[in-house]
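Hi,

Here is the structure I promised to pass on to you. Have a look at it first, and then read on for what I found in it.

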Amino acid sequence: MKRGIITGSSRGIGLATVDLLTNNSNTKVIGSSTLGNHTLSRSNFQCLKLDLSNSNSITEFVDKIGNVKLDFLINNAGILLEKWDASTIKIQQLKNTFDVNLFGTIELTEKLLPLFNSKAHIINITSDWGSFSELNFDAFQPHYKMSKTALNMYTKLLAKRLESKNITVSSLDPGWTKTDMGGKVAPRLPKDVAFDILNLLNNDVDSGQFWYQGKVREW
Ligand SMILES: NC(=O)c1ccc[n+]([C@@H]2O[C@H](COP(=O)([O-])OP(=O)(O)OC[C@H]3O[C@@H](n4cnc5c(N)ncnc54)[C@H](OP(=O)(O)O)[C@@H]3O)[C@@H](O)[C@H]2O)c1
């Protein structure tokens, strides 16, 4: 039996990933949404309330999980607060974005560290928009981009820290995906990304890498 957490499982990529992983009755998933609601009913799935911008909420989430052992954590929950053509820095929006995409995600991960089994896999869902190698780089969505770039660095730092424990840490770029965040014209489907995540979990890969569609990509 494998057990793990997928944050942001109420919609989009998170929901598709829970759907795919819980098709296997040997996998148990704890999901999250900001209200604790979910649309999926499976005996091997439970959804808990989690607001990554709120430290108390993170503590309550971890307390509810209790003393179980974890084989994976998919840090999928994220926000994009900016308009797609916005390039001006707005400090409050920058802070709000970092609160969820970076600080809350790191706080949750650090609080869960004692629960991971050896050979566990932590996957941080970041973005091409958080990479230095983005081909069509522009000045838009600065808050979101900086939050994902910093999360990529956390992947590398945590991978080093957890080397001796044999825990793998990866970043995954889902590509532009049809969700509330990605919009209707995005070419990828949430289930495509769910397969990428499942494949990454099923393979014995080097830690501290950035993945896109099953291949290591440039940071
Ligand atoms: N879609 C794309 O094209 C794309 C591209 C690159 C990277 N990504 C990344 O992929 C991940 C999933 O994106 P998506 O497109 O599936 O997004 P989405 O459809 O907007 O879903 C976002 C999820 O995050 C949760 N969430 C929002 N605010 C939260 C908070 N304060 N605390 C905890 N959870 C919160 C939402 O829960 P509620 O339903 O309760 O609000 C929801 O489950 C994100 O990290 C995103 O940055 C997406």
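Let me start with one pair of residues: Leu73 stands opposite Ile122 in E5. Please keep in mind throughout that this is a predicted model.

That pair belongs to a wider arrangement. Strand E4 (residues 70–75) and strand E5 (residues 116–125) run parallel and are joined by 5 bridges. Both are part of an open sheet of 8 strands, ordered E3-E2-E1-E4-E5-E6-E7-E8, in which the pairing is mixed. At its edges are strand E3 (45–49) and strand E8 (215–216), each of which pairs on one side only.

Stepping back to the whole chain, you will find 5 helices and 8 strands. Following the sequence, they come in the pattern β-α-β-β-α-β-α-β-α-β-α-β-β. The radius of gyration is 16 Å, close to the 17 Å that the globule rule gives for 219 residues, so the chain is as compact as a globular protein of that length. If you want to set up a box, the C-alpha atoms fill one of roughly 45 × 35 × 30 Å along the principal axes. Among contacts between residues at least 6 apart in sequence, 66% join residues at least 24 apart.

Now for the interior. Of the 219 residues, 39% count as buried. In soluble globular proteins, nonpolar side chains tend to be buried together. Here, the largest nonpolar core has 31 residues, and Ile74, Ile122 and Ile197 touch the most other members. So Ile122, the residue opposite Leu73, turns up again in this core. Leaving aside residues up to four places away in sequence, Ile74 touches Ile5, Ile6, Thr7, Thr17, Ile123, Ile125 and Ile197. Another core, of 7 residues, lies apart from the largest one and includes Ile58, Phe61, Ala77 and Leu108.

Finally, the part you may want to open in your viewer: which residues are closest to the ligand? They are Gly8, Gly12, Gly78, Thr179 and Gly182, out of 30 residues that surround the ligand. By type, this shell divides into 12 nonpolar, 15 polar and 3 charged residues. Helix H1 (residues 12–21) gives the most to the shell, with 3 residues.

That is everything from my side for now. Happy browsing!

Best wishes

Notes
Residues numbered from 1 in each chain as written. Predicted model: local features only at pLDDT ≥ 70, side-chain atom pairs only at ≥ 80, totals over all residues. Helix = DSSP H or I, 4+ residues; strand = E, 2+ residues; numbered from the N terminus. Rg over C-alpha atoms; globule rule 2.2 N^0.38 Å. Buried ≥ 20, exposed ≤ 12 C-beta atoms within 10 Å, placed from the backbone. Contact = placed C-beta atoms within 7 Å. Near = placed C-beta within 6 Å. Nonpolar A, V, L, I, M, F, W, Y, C, P; charged D, E, K, R; others polar. Core = buried A, V, L, I, M, F, W, Y, C linked by C-beta atoms within 7 Å. Pairing = 2+ DSSP bridges.
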